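Me: I have a model open in my viewer and would like to learn how to read its charged pairs and its strands. Could you walk me through them?

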Amino acid sequence: MGFLKKMMASVGVGAAKVDAQLRDRAVRIGESLTGVVVVKGGAVEQTIERINLGIATRYRHDDSYVNHTLFTQPITGNFVIRPGDTQEFPFSVVVPAGTPLTLPGTSVWLVTDADIAGAADPSDNDQLTILPTAGMETLIGAAQRLGFSLAKSEVEYSHGRIAQELSFRPPHGQYKLTELELMMFPNGDGLDVILEVDRRATGVASLFTSEFESKDRWNVPGHLLRQGPDAVAHELEGRIKRLS
């Protein structure tokens with residue numbers, strides 16, 4: 001019977017299980033996710049080499065989506081879990097810059113897994129709500145001050161890093177564009193921003209294409225962000241007009 005239990009545990013039946021219990025699922029970029037990982041023993045004694053925590057998201061690739069782990073880190077070393085035992089391991093994980101925001105079209109989750117020698121590795125996924133930094137929130141607020149409304153977000157993988165693109169609809173009749181797209185990258189107390197404006201082609205150009213795209217890179221300094229959405233909106237509006 002003991003041999004059978006070990007064989008079953010090796011394929012995940014009756015093996016130890018892990019469960020990450022978060023104090024709060026909502027967290028801002030740069031702040032810490034905290035909680036405890038609960039490990040429950042299965043039918044047989046098992047040696048767990050380590051427990052790992054990571055943050056994952058999903059990005060678009062051609063016509064499909066790919067799950068991508070942004071980072072992972074061990075929170076325990078080697079230990080033994082006996083049948084029926086429960087062990088708990090507190091954790092604190094900083095949400096790094098570059099983690100996508102939880103918005104329509106984008107999901108982010110905590111991945112918990114245990115490395116068990118000679119057995120299937122148990123895992124646990126917990127959905128997260130990733131909130132913007134204060135600077136990112138100010139820039140989004142600036143776009144909304146100008147009448148733009150968030151339409152969707154999409155995560156891309158480009159040049160070895162994850163990038164989230166936010167798409168905004170313009171207010172009716174106020175700008176010569178069909179869409180405003182923003183990518184935001186925290187840089188110290190400021191933001192590096194990629195702006196893209198899509199505008200309809202008119203005149204002779206409309207015979208060859210329906211839209212034009214214009215891009216701009218903008219380093220938004222921290223002192224401007226600290227002045228609030230209205231101050232940032234003034235600068236943002238000027239850049240949008242120059243692109244469109």
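Me: Let's start in the helix: which residue forms a salt bridge with Glu237?

Reply: Side chains of opposite charge can pair when their charged atoms come close. Here a salt bridge means a side-chain nitrogen of Lys or Arg within 4 Å of a carboxyl oxygen of Asp or Glu. In this case Glu237 pairs with Lys241, with 3.8 Å between the closest N and O atoms. The two are four residues apart in helix α4, so about one helical turn separates them. Helices (H or I, at least four residues) and strands (E, at least two) are DSSP runs, numbered from the N terminus.

Me: What should I keep in mind about the model itself?

Reply: It is predicted: local features need pLDDT of at least 70 and side-chain atom pairs count only at pLDDT 80 or more, while totals for chains, interfaces and linings use all residues. Residues are numbered from 1 along each chain as its sequence is written, and side-chain values use heavy atoms, leaving out hydrogens and water.

Me: Is Lys241 buried or exposed?

Reply: Buried means under 20% relative accessible area, exposed over 50%, and partly exposed in between (1.4 Å probe, protein chains only). Lys241 is exposed at 52%, and Glu237 is partly exposed at 24%.

Me: How many salt bridges does the structure hold, and which parts of the chain does the one between Glu137 and Arg28 link?

Reply: There are 10 salt bridges. The side chains of Glu137 and Arg28 meet at 2.9 Å, N to O. This pair links distant parts of the chain, 109 residues apart: Glu137 lies in helix α2 (residues 134-145) and Arg28 in strand β2 (residues 26-28). Both are partly exposed, Glu137 at 41% and Arg28 at 29%. There is also a network of salt bridges linking Asp216, Glu235 and Arg239.

Me: Now the strands. In what order do the three strands of the open sheet run?

Reply: Two strands pair if DSSP finds at least two bridges between them. The order is β1-β3-β7, with antiparallel pairing. β1 (17-22) and β7 (86-94) are at the edges with a single partner strand each, so one side of each has no neighbour in the sheet.

Me: Over how many bridges do β3 and β7 pair?

Reply: Strand β3 (residues 32-40) pairs with β7 over nine bridges. To find one on screen, look at Val39, whose bridge partner in β7 is Gln87.
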